[in-house]
Amino acid sequence: MRGATAMTQHPGEAGEGGGSPSPDRPEGRLRHRDLWLGLGILGTCAVLYYQTTTFPSVPALLSQNVQASFFPRVLIFTVGFLTLLLIAFGWHKRPDRQPAVKPVTLLTAVLTAGGIALIPWIGVLAAVGVLAVSLPLLWRDKRHAAIAAYAVLLPASIYLLFTLVMQVRFPTGLLAL
């Protein structure tokens, strides 16, 4: 009965019988969520880069050798480079071995978006302080003294570096009345 052994196949083997596509095949790689996430991020970077081309240019006398689009473009290129690394390192992973996204990850994204949404009302530095307290608490960090120090020192460091040293002004929100 040589035919009986040929009929038994394991999932993922070639031929009829199903199973997930092999990561060595193109269709297995195209299912990888790092690829689709990365393409989405790269698309967002492209849109944001285009937005920087619409920034008005600053006269040379006022520019301090840096145009308004410089720092956003540095950030966009950094995110784009890290996204390319995400795609490259995730290319050979098997799609079925990836763990599901944990709820705390989604809550972190929602809380961060909420902190950003607070900026017009409380300002950048206060929003950073709020996030510096709320995110570690969300992650169930028990070092309350370290969280308190972090929540004070991070905004203070940002203020010292950007406002006093680099002369960059952040939105202060309605609290600056």
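In what order do the elements of the chain run from the N terminus on? They run α-α-α-α-α-α-α-α-α, and the count that goes with this order is nine helices and zero strands. Please keep in mind throughout that what we are looking at is a predicted model, and that every value I quote has been computed from it.

Let me begin with confidence. The chain averages a pLDDT of 80, and 72% of the residues score at least 70. Residues 5-18 are a stretch to treat with care, since pLDDT stays under 50 there, and the model has 11 contacts beyond four places in sequence for these residues. Where pLDDT is low, the predicted coordinates should not be read in detail.

Turning to the chain overall, buried residues make up 19% of its 177 residues. The exposed area comes to about 13200 Å², of which carbon and sulfur atoms supply 70%. If we take the contacts between residues at least 6 apart in sequence, 59% of them join residues at least 24 apart.

One place to look at such links is between helices H3 and H5. The count of aromatic pairs is three, and one of them joins tyrosine 49 to phenylalanine 77, where the ring centres are 5.7 Å apart and the planes stand at 65°, so the pair is edge-to-face. Tyrosine 49 lies in helix H3, residues 33-53, and phenylalanine 77 lies in helix H5, residues 70-90, so that the pair links parts of the chain that are distant, 28 residues apart. Tyrosine 49 counts as partly exposed, at 31% relative accessibility, whereas phenylalanine 77, at 55%, counts as exposed.

Also in helix H3 is cysteine 45. Is this residue, cysteine 45, buried or exposed? Its relative accessible area is 11%, and because the limit for buried is under 20%, cysteine 45 is buried. Leaving aside neighbours within four places in sequence, cysteine 45 is in contact with Ile76, Val79 and Gly80. The C-alpha atoms of cysteine 45 and threonine 83 are 9.9 Å apart in space, although the two residues are 38 apart in sequence.

A further aromatic pair is formed by phenylalanine 162 and phenylalanine 170, which is edge-to-face, with 5.5 Å from centre to centre and 65° between the planes. Both partners are partly exposed: phenylalanine 162 has a relative accessible area of 28%, and phenylalanine 170 has one of 26%.

Now to the surface. Which residues form the nonpolar patch there? They are Phe70, Phe71, Val74, Tyr159, Leu160, Leu161, Leu164, Val165 and Met166, and together they have about 830 Å² of accessible area. Helix H5 and helix H9, the latter spanning 144-165, each supply at least two residues of the patch, and H9 gives the most, with five. Phenylalanine 70, for its part, is found in helix H5 and is partly exposed, with a relative accessible area of 42%.

Finally, the charged side chains: the count of salt bridges comes to one. The partners are arginine 143 and aspartate 141, whose closest N and O atoms are 2.7 Å apart. Arginine 143 is exposed, with a relative accessible area of 56%.

To draw this together, I would keep three items in view: the link between H3 and H5 through tyrosine 49 and phenylalanine 77, the nonpolar patch to which H5 and H9 each supply at least two residues, and the stretch 5-18, where pLDDT stays under 50.

Technical notes. Residues numbered from 1 in each chain as written. Heavy atoms only, no water. Helix = DSSP H or I, 4+ residues; strand = E, 2+ residues; numbered from the N terminus. Buried < 20%, exposed > 50% of the residue type's maximum accessible area, 1.4 Å probe, protein only. Contact = heavy atoms within 4.5 Å. Areas by Shrake-Rupley, 256 points an atom, 1.4 Å probe, with all protein chains shown as cover. Phe/Tyr/Trp six-rings, centres within 6.5 Å; stacked < 30°, edge-to-face > 60°. Patch = residues over 30% accessible without salt bridge, like charges linked within 9 Å, V, L, I, M, F, W, Y side chains within 5 Å. Salt bridge = Lys/Arg side-chain N within 4 Å of Asp/Glu carboxyl O. pLDDT = per-residue confidence, 0-100.
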